[in-house]
Amino acid sequence: GRIDMLATGIKTPIGLKISGPDLSRISELGQQLEKILKTVPGTTSVYAERVVGARYMDIEIDRFAAGRYGMNVADIQDIIRSAIGGMNITETIEGRERYPVNLRFPRDTRDSPEVLADLPIVTKSGAHIRLGDVTHIKIIDGPGMIRSENARLNGWIYVDTDDGDISSYIARARIVMENEITLPAGYSLSWAGQYEYMERAKERLFTIIPITLLLIIFILYLAFRKVADVVIILISLPLALSGGLWLLYLLDFHLSIAVAVGFIALAGVAVELAIVMILFLNTALKTVHDNQTAINRSHIRAAVTEGALMRLRPLLMTVVTIFAGLLPIMIGSGTGSEIMQRIAAPMIGGMASATLLTLVVIPAVFYLWHGRKIKEED
């Protein structure tokens, strides 16, 4: 609860904000939505804030009556403030401590509207009247705390679920709410909590990821100066990511921001492995071109085999190091392990498929591309 509150402002993973002009109507809508959301599959608990649940003593000044006694509004407000609310008249000093001394009427003379109405007042002319002669006193219902966002009054609903996929839960909840409730004019609903945080992160990722991919393509082209090598790396990249998807499926992890971060890290490592493999293959192929005057497919096959074998040991060392670093995270159960496991899972599953990609797929595609115009020896 504290982590959710610090991260999103909502005490639960999901929150629903009701905005509108009237707090009483907001409170009614909140209680209706509380009953509706309890029927949504996956809901653990729902609580709508009782926006209008406090009791207040309301003292309304009768201006005409005050005028007949020669009193103004400020005079009556001073009496109410000092007699009922209290007034600090001095303070006591006890060593390094300071305590204010507050003076007001005893509790039994201010604990009900009827008693308050009998409080004596002396006017400037010396007349003795009651507080009830110049005011109307009553008890009213009011908000315990007023929330507002974007200059509109708010009421919050706290929702807790047993479904890790927040997006799917909210999609189900929206369907139920559209069928069960109709909002009055001037009122609106907005989802908050982790969902709001996740949506903002998705918007950023949808902007950052395409830009990053374009930069990667541009940098790869500058490194190789060959479109074919860049295309081989990019086409084979989905195979590296597929291992992470399969492990997520087996562990029953839903897509989240942590998972997206894991896939971004996996993509970087997979591209790095593919780049090094292409460099080894190009080096082996260049050696064949330097030593042979006539190149055929057997020469290319031998060069690809040599380059892949040269890359085998450093590749396996990289994979084993990553596994050794990430597997303890998957079996850990300390604070924050849920998030770290969702970051590590795509990388662990992806490195398994990335190894297959680097050792098998890339050499095969490289061989097919460079041997496409060379006839096989008789």
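**View 1. Helix H7 gives the nonpolar surface patch its largest share**. Six residues of the patch come from H7 in this predicted model. The patch covers about 870 Å². Helix H7 spans residues 194-224 and helix H8 spans 227-251; each gives two or more residues to the patch.

**View 2. Residues of the nonpolar patch**. Ile 211, Leu 215, Phe 218, Ile 219, Tyr 221 and Leu 222 belong to the patch. Val 227, Val 231 and Ile 235 complete the set. Leu 215 sits in helix H7.

**View 3. The one cavity of 30 Å³ or more**. Where empty space is left is shown by rolling a probe the size of a water molecule over the atoms. The structure holds one cavity at or above 30 Å³. The largest cavity encloses about 30 Å³ of space.

**View 4. Lining of the largest cavity**. Ile 18, Ile 26 and Gly 30 take part in the lining. Ala 48, Glu 49 and Val 51 do as well. Gly 155, Trp 156 and Ile 157 are the remaining lining residues. By class, the lining divides into six nonpolar residues, two polar and one charged. Glu 49 is the charged one, and Gly 30 and Gly 155 are the polar pair.

**View 5. Strand S10 and helix H2 at the largest cavity**. Helix H2 covers residues 23-37, and strand S10 covers 152-161. Each supplies at least two lining residues. The largest share, three residues, comes from S10.

How values were computed
Residues numbered from 1 in each chain as written. Predicted model: local features only at pLDDT ≥ 70, side-chain atom pairs only at ≥ 80, totals over all residues. Heavy atoms only, no water. Patch = residues over 30% accessible without salt bridge, like charges linked within 9 Å, V, L, I, M, F, W, Y side chains within 5 Å. Areas by Shrake-Rupley, 256 points an atom, 1.4 Å probe, with all protein chains shown as cover. Salt bridge = Lys/Arg side-chain N within 4 Å of Asp/Glu carboxyl O. Helix = DSSP H or I, 4+ residues; strand = E, 2+ residues; numbered from the N terminus. 1 Å grid on protein atoms, 1.4 Å probe; cavity = no way out; pocket = protein on both sides within 12 Å on 5 of 7 lines; lining within 4 Å. Points joined across faces, edges and corners; volume = space filled by probe spheres on them.
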